[in-house]
2 protein chains.
Amino acid sequence: MAIKIGLLGFGTVASGIPFLLEENKDKIVAASKETLEIAKVLVKDEAEKDRLLSAGNHYNFVTNVDEILSDPEITIVVELMGRIEPAKTFITKALEAKKHVVSANKDLIAVHGSELIALAQKQGVAFYYEAAVAGGIPILRTLANSLTSDKVTRILGVLNGTSNFMMTKMVDEGWTYEDALKTAQELGYAESDPTNDVEGIDAAYKAVILSQFGFGMAIDFDAVSHKGISTITPDDVAVAQQLGYVIKLVGDIQETESGISAEVSPTFLPKDHPLASVNGVMNAVFVESIGIGESMYYGPGAGQKPTATSVVADIVRIARRLSDGNIGKSFNEYSRPAVLANPEDVKSDYYFSIITPDQQGQILRLAEIFNQENASFKQILQQKSNGKEAQVVIVTHRLSKTQLAAITEKLESDTDFKLLNSFKVLGK
Amino acid sequence: MAIKIGLLGFGTVASGIPFLLEENKDKIVAASKETLEIAKVLVKDEAEKDRLLSAGNHYNFVTNVDEILSDPEITIVVELMGRIEPAKTFITKALEAKKHVVSANKDLIAVHGSELIALAQKQGVAFYYEAAVAGGIPILRTLANSLTSDKVTRILGVLNGTSNFMMTKMVDEGWTYEDALKTAQELGYAESDPTNDVEGIDAAYKAVILSQFGFGMAIDFDAVSHKGISTITPDDVAVAQQLGYVIKLVGDIQETESGISAEVSPTFLPKDHPLASVNGVMNAVFVESIGIGESMYYGPGAGQKPTATSVVADIVRIARRLSDGNIGKSFNEYSRPAVLANPEDVKSDYYFSIITPDQQGQILRLAEIFNQENASFKQILQQKSNGKEAQVVIVTHRLSKTQLAAITEKLESDTDFKLLNSFKVLGK
């Protein structure tokens, strides 16, 4: 007997699922030990239903979620609506009705995941969401299954395809942020309100989920600081290249002596770092660990077929576990109390771009500010004086977040200096 | 009660296992739902035993494998001896004694895997070997678990760290093959007889195993053609760079209309291909599939800790399945009849480096030879004439293996031409 699936939503990703179920039927059925059937599909209203039917879609479209939730024949509910509500209510109801749930909803899982995971555990049902992080890259299952024997010390990720497309254009073609955004919008990579992508919010959602799988810590979304790419100038990009770096928006989760630190920020990557050649809309997750050392998982971060592939992998896993009789196992079992790092323990090299008056003694004054905070320079470049002002670029040796904050405050409160930008620099 | 493990062999990788079991104890025990204990370790003879004991190793070393195989308390046997015999006999006996087996022995699994896998299935025990392909990269479990929903069409892999280290030196530093080999031997990357690494044999073993996991086809080792790096000259490397390529030793498994093709050969990779920046002793497996599209899995291909991490991941998985009561599942369940591709269906661009007499009409004659086989040129470069001879480099449009063989034969049987090298070129 086929395992019956109820889809919530029939957008881009959802409509990629039938493609895989058909094109790869033999392998999927062999792995599932069951055939899989899309029994019902929830759509918004009668108008959408009519539109889909007249476009030639032959599914049993319904407009009331209860038709799926109260159908005893439907075993697996797949939520592909996105956003928080009504997805959260529907998933909660599905879990309460003891249905297994697959979701690709990173916003929801990052913010309300703990609650939903606990409910699934209580109900003894599966709640899987491989597609929520880095679309087609099977990173969550790899962390949960293959890296169980290893201790992860840091995860660095290019986690947002839209901003990575933009950064690639800004780096390779010298485009401005504004030009890159305009093209990303024209190509449909960026939404009309691009905030979530370009300000690092989307990547921060993914960092929350990676913290759980990589470090066993369920941190709050608010604990992930995020800084976006909108302030990056062609000048920053050019200086980075001159110094041997590529700028990308990078999610960075690491365990320090005092606890975990997670942030998303524009980061100078050495040109020979594996993440530096992850271009366009591709994503990659770079893992540092005590056993493997360095490994990287690379693939498309979004898109219909890649995301549908991860969703169907979750469905197949549920079907197989049902057949094997061990469905209760949580997607991620690694769990420790979440402890946030002391800012003094979170250290990195940093890049500062500063406008100074073009007068004698300014570099000395800058050096004094950094020296007062026990910060030392790795590289210093004075560029482009227009007679009145000069631009000074400084790359420091390792600074803690506390030192960074103190230096930033001093520079910003000093009327002589204008701090254009400061970015994290990954050590070479 | 602890799960007791018998180790066969206590070389480099084996001695990395206690490190992980200790350093990552909490996570491993939580994932296994059991503690893991190394109960007995098989060593060659009394002399090795004495040496290990006096070096401070506190294991129960034994010199007769039966002390492990007949010990009813030992549940898992881990084979890390390498080579075919006595590893094959010991694994066979262990499976017959209904012990679960973990191995990192690619030679053995590539050549006798089918037999051992069938025996494990018959006995209802686990036989896992994640470490056999690309050491620390969890590629086999990823193909078996996460890519079940996807249909793989091609796998390209940098699968041998030794030859990749050498190629990196030859490409980045312009070293000759001989210099690169000498350094690889001095650094302990290459053995005194480097044949397996440099002639593509080691990579071909891995291609056999990847064919099973990626395509469900158990092909014979003899079905994998292999060509090594020993004939690559600094001139080939320089021409490749001039044309925008990097040469690497690449395993290439693809499914064509008529069946599967697997080979290992020096390959021109476009500079922006993700595999082109896999350098030094690192490995990577690049997967093309109908769902995800392109994904890559990158990490160390060998080394004590990376390999031990994969071995311990297998042990943890067995311990957990024992606790969950579903130990029977095969490591790779994807299986189809193995059908080899018709050579006419296996197509690629090719590079030819040919010495011709420096006389009028030679290029025309070359063009005629290619034209007779319906081959067309993509690029042609005439270089370095010494007055008597000129070197001509040709990159063709797609040729089948049949066309390649016919052209090669004609060039080799023509006394005017000397075919220096021909290599596969990955399309840009």
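**A tour of the A–B interface**

Chain A and chain B share 21 residue pairs in polar contact, with both residues at pLDDT 80 or more. This is a predicted model.

Start with the elements on the chain A side. Select α1 (17-23), α2 (25-32), α7 (139-146), β12 (294-300) and α13 (304-324) of chain A; each gives two or more residues to the side that touches chain B. Now keep α13(A) alone. With nine residues, α13(A) gives the most to that side. Colour the chain A side by class next: 19 residues are nonpolar, 14 are polar and twelve are charged.

Widen the selection to both chains. Here 45 residues of chain A are in contact with 45 residues of chain B. The two chains bury about 3900 Å² between them. Carbon and sulfur atoms carry 54% of that area. Which three residues supply more of chain A's buried area than any other three? Select K27(A), S149(A) and Y298(A): together they supply 17% of the area that chain A buries against chain B.

Move to the strands. Show β12(A) beside β12 (residues 293-300) of chain B. The two strands pair in the antiparallel sense, over three bridges. Pick M296(A) and look across to its bridge partner in β12(B), Y298(B).

Finish with the charged pairs. How many salt bridges link chain A and chain B? The count is two. For one of them, select R320(A) and E333(B). Their closest N and O atoms are 2.5 Å apart.

Note on methods: Residues numbered from 1 in each chain as written. Chains lettered and ligands numbered in written order. Predicted model: local features only at pLDDT ≥ 70, side-chain atom pairs only at ≥ 80, totals over all residues. Heavy atoms only, no water. Contact = heavy atoms within 4.5 Å. Buried area = accessible area lost by both parts, 1.4 Å probe. Salt bridge = Lys/Arg side-chain N within 4 Å of Asp/Glu carboxyl O. Polar contact = N/O pair within 3.5 Å; in protein donor to acceptor, adjacent residues only side chain to side chain. Helix = DSSP H or I, 4+ residues; strand = E, 2+ residues; numbered from the N terminus. Nonpolar A, V, L, I, M, F, W, Y, C, P; charged D, E, K, R; others polar. Pairing = 2+ DSSP bridges.
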